[in-house]
Amino acid sequence: AIAESYLGSANELSADAIATLGSDSETLMALLEPVESELIAAEGNRVVKLSDFDQVTTVPAIYPANAQRRNITGWVEVMFTVTAIGETADIEVVRAEPKKFFDGPAVRAVEKWTFQPREYRGQPISQRTTARLGFDLA
């Protein structure tokens, strides 16, 4: 937050103020570049709600036949990265009920999802999110 405040203040410098720096304006811009990169990286490390993304492709999880035969229901919560090109990566099961029963189908479904990548400061970023997939016999 502090770095973003500093960068915002620097960006608010008038064109005249930067022009008075003469050849030092390149130095100022070179100094601001790493701060900008750090801000983008910090935003990418933030976990956001799934609803903050525009989902392009949703593939439903396949209900395991043995669970269906036994009338077993449950859910799986997964955490994953939506990459800067809109694909999913680094999918991990966070919680599940019953444990380990629906993990595989949930992960395989999320692997096929695609999204419109989020943008921050004018460029697409990778960002973490979570989803809960339900397995009901209804």
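# Ring pairs and charges in a predicted model

Trainee: How many aromatic pairs does the structure hold?
Mentor: Rings of Phe, Tyr and Trp (its six-membered ring) pair if their centres lie within 6.5 Å. By that rule the number of aromatic pairs in the structure is eight.

Trainee: Which class fits the rings of Phe53 and Phe115?
Mentor: Planes under 30 degrees apart count as stacked, over 60 as edge-to-face and the rest as tilted. The centres of Phe53 and Phe115 are 5.6 Å apart and the planes stand at 65 degrees, so the class is edge-to-face.

Trainee: How many residues apart are Phe53 and Phe115?
Mentor: Helices (H or I, at least four residues) and strands (E, at least two) are DSSP runs, numbered from the N terminus. Phe53 is in the loop between strand 1 (47–48) and strand 2 (54–57), while Phe115 is in strand 5 (residues 114–116). The pair links distant parts of the chain, and the separation in residues is 62.

Trainee: What can be relied on in this model, and from which number does each chain start?
Mentor: This is a predicted model, in which local features need pLDDT of at least 70 and side-chain atom pairs count only at pLDDT 80 or more, while totals for chains, interfaces and linings use all residues. Side-chain values use heavy atoms, with hydrogens and water left out, and residues along each chain, as its sequence is written, are numbered from 1.

Trainee: Is Phe115 buried or exposed?
Mentor: Buried means under 20% relative accessible area, exposed over 50%, and partly exposed in between (1.4 Å probe, protein chains only). Its partner Phe53 has a relative accessible area of 6% and is buried. Phe115 has 4% relative accessibility, so Phe115 counts as buried.

Trainee: How many residues apart in sequence are the parts tied together by Tyr63 and Phe135?
Mentor: Tyr63 and Phe135 form an edge-to-face pair, with 5.9 Å from centre to centre and 70 degrees between the planes. Tyr63 lies in the loop between strand 2 and helix 4 (65–69) and Phe135 in strand 8 (residues 127–135), so the separation in residues is 72.

Trainee: What is the relative accessible area of Phe135?
Mentor: Tyr63 counts as buried at 16% relative accessibility. Phe135 is buried as well, and the value for Phe135 is 2%.

Trainee: Which charged residue lies over the face of Phe53?
Mentor: Ring pairs link Phe53 into a cluster with Phe80, Trp113 and Phe115. A charge sits over a ring if NZ of Lys or CZ of Arg is within 6 Å of the ring centre and within 35 degrees of the ring normal. At 5.9 Å from the ring centre of Phe53, the residue is Arg118.

Trainee: Which parts are tied together by the salt bridge of Glu43 and Arg118?
Mentor: A salt bridge is a side-chain nitrogen of Lys or Arg within 4 Å of a carboxyl oxygen of Asp or Glu. For Glu43 and Arg118 the closest N and O atoms are 3.7 Å apart. Glu43 lies in helix 3 (residues 24–45) and Arg118 in strand 6 (residues 118–120), so the tied parts, 75 residues apart in sequence, are helix 3 and strand 6.

Trainee: Is Arg118 buried or exposed?
Mentor: Glu43 has a relative accessible area of 12% and is buried. At 18% relative accessibility, Arg118 also counts as buried.

Trainee: Which strands hold Glu77 and Arg95?
Mentor: The side chains of Glu77 and Arg95 meet in a salt bridge of 3.0 Å, N to O. The two lie 18 residues apart in sequence, Glu77 in strand 3 and Arg95 in strand 4.

Trainee: Which side chain of opposite charge is nearest to Asp103?
Mentor: Lys and Arg count as positive and Asp and Glu as negative; His and the chain ends are not counted. Asp103 lies in helix 5 (residues 103–111). Asp103 is buried yet has no salt bridge, and at 5.0 Å the nearest side chain of opposite charge is Lys100.

Trainee: Which strands do the buried residues of helix 5 pack against?
Mentor: Those buried residues are Asp103, Pro105, Ala106, Val107, Ala109 and Val110. Contact means heavy atoms within 4.5 Å; Asp103 touches Val76, Val93 and Ala96, not counting residues up to four places away in sequence. The buried residues of helix 5 pack against strand 3 (74–82), strand 4 (88–97) and strand 8.
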